[in-house]
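Biologist: I have a model open on my screen and would like to learn how to read it. Could you take me through it one feature at a time?

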Amino acid sequence: MIEKSPLIVALDFAVRSELDALVDKLDPSLCRVKVGKELFTLYGPEVVRDLHRRGFEVFLDLKFHDIPNTTAAAVAAAADLGVWMVNVHASGGMKMMSAAKAALQPFGKDAPLLIAVTVLTSMQSDELLNIGVHDNALAQVSRLAMLTSECGLDGVVCSAQEVSVLRGLIPDDFLLVTPGIRPQGSALGDQQRVATPTEAMAMGSNYLVIGRPITRSEDPLAVLKQINATLGY
Ligand SMILES: O=C(O)c1cc(=O)[nH]c(=O)n1[C@@H]1O[C@H](COP(=O)(O)O)[C@@H](O)[C@H]1O
């Protein structure tokens with residue numbers, strides 16, 4: 001049961017003062033936050049610790065994809081940092097995902113949620129074909145979600161467009177985290193498989209990842225509150 005807003009705000013910033021200006025306005029009761037590759041590469045774990053000090057639950061989105069030993073160690077390092085959610089690429093395979101899951105065992109109930117990215121929301125089926133995947137996006141997402149579930153992970157990252165099909169394939173408590181969220185009228189940018197916040201929730205998403213429509217708006221707090229209100233939070 002999700003007790004607060006399902007929104008996860010993607011803090012994709014290169015300039016620390018811009019990040020701080022946004023985070024000063026946000027309230028941990030309104031959303032969770034995501035630290036991705038750009039912010040982490042520039043500022044490292046200290047930025048996560050700072051967000052924790054401010055009371056935010058942090059999704060560390062580094063999309064680990066490596067040999068099982070390396071991925072497991074990286075996931076354990078994320079758990080040491082005390083993050084709420086961490087992710088790997090499901091295409092790293094079952095051995096990699098199982099090793100990542102096993103690495104969290106010593107953390108017990110303090111372990112972060114472990115989620116696997118299926119097919120990036122910036123990709124369509126034609127681009128999958130380019131990289132040698134002959135199934136369409138829905139079939140590939142479904143395959144990777146089932147493998148992820150078999151490995152005992154907590155859920156997957158997928159687009160909202162796959163959610164209703166996945167709900168029929170996997171256990172009810174499996175988390176579906178959906179980026180590619182665009183409120184009506186927002187620019188798509190590089191996102192391809194998109195949905196509005198209301199559509200994504202209606203289809204059965206558990207968490208909605210939203211970046212630019214909030215962070216690049218003139219009044220991020222107002223947009224965040226408006227999206228929460230449309231979802232009943
Ligand atoms: O794992 C992710 O968070 C992720 C997976 C995916 O398939 N697509 C995707 O957009 N993301 C992330 O979600 C965020 C979306 O940001 P906006 O496109 O600005 O809303 C970015 O930080 C992406 O890195």
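Modeller: Happily! Let's start with one residue, and keep in mind that this is a predicted model. Lys63 has 17 other C-beta atoms within 10 Å, and since 20 or more would make a residue buried and 12 or fewer exposed, Lys63 is therefore partly exposed.

Biologist: Where does Lys63 lie, and which residues does it touch?

Modeller: Lys63 belongs to strand S3. Leaving aside residues up to four places away in sequence, its contacts are Asn87, Val88, His89 and Val117. The UniProt record, an unreviewed entry, places the annotation "active site" on Lys63.

Biologist: What surrounds the ligand?

Modeller: The shell has 18 residues, and the closest are Ala10, Thr121, Pro179, Gly211 and Arg212. Strands S3 (58-64) and S8 (207-210) are the elements that each give two or more residues to this shell. By character, the shell divides into 7 nonpolar, 7 polar and 4 charged residues.

Biologist: Now helices, please. How should I read the buried positions along one?

Modeller: The general idea is that an α-helix has 3.6 residues a turn, so residues three or four places apart point the same way. For a case here, take helix H7, residues 137-150. Its buried residues are Ala137, Gln140, Val141, Ser142, Leu144, Ala145 and Thr148.

Biologist: What do the buried residues of H7 pack against?

Modeller: Their partners are three helices and two strands: H5 (94-103), H6 (125-130) and H8 (163-167), along with S5 (113-117) and S6 (155-157).

Biologist: How far does H7 reach, and what follows it?

Modeller: H7 has 14 residues and reaches 20 Å from first C-alpha to last, close to the 20 Å expected at 1.5 Å a residue. After H7 comes Gly152, with a positive phi near 80°.

Biologist: And the whole protein: how many helices and strands are there?

Modeller: There are 11 helices and 8 strands. For overall shape, one can set the radius of gyration beside the value for a compact globule: with 233 residues that would be near 17 Å, and the protein's 17 Å agrees. The C-alpha trace spans about 40 × 40 × 35 Å along its principal axes. Buried residues make up 40% of the 233.

Biologist: What does the record say about domains?

Modeller: UniProt, again in an unreviewed entry, lists residues 6-227 as "domain: Orotidine 5'-phosphate decarboxylase". Over that range the chain is 42% helix and 16% strand, and the end C-alpha atoms are 10 Å apart.

Note on methods
Residues numbered from 1 in each chain as written. Predicted model: local features only at pLDDT ≥ 70, side-chain atom pairs only at ≥ 80, totals over all residues. Helix = DSSP H or I, 4+ residues; strand = E, 2+ residues; numbered from the N terminus. Expected span 1.5 Å × (residues − 1). Contact = placed C-beta atoms within 7 Å. Near = placed C-beta within 6 Å. Nonpolar A, V, L, I, M, F, W, Y, C, P; charged D, E, K, R; others polar. Rg over C-alpha atoms; globule rule 2.2 N^0.38 Å. UniProt positions renumbered as here; feature names shortened; annotations may be inferred.
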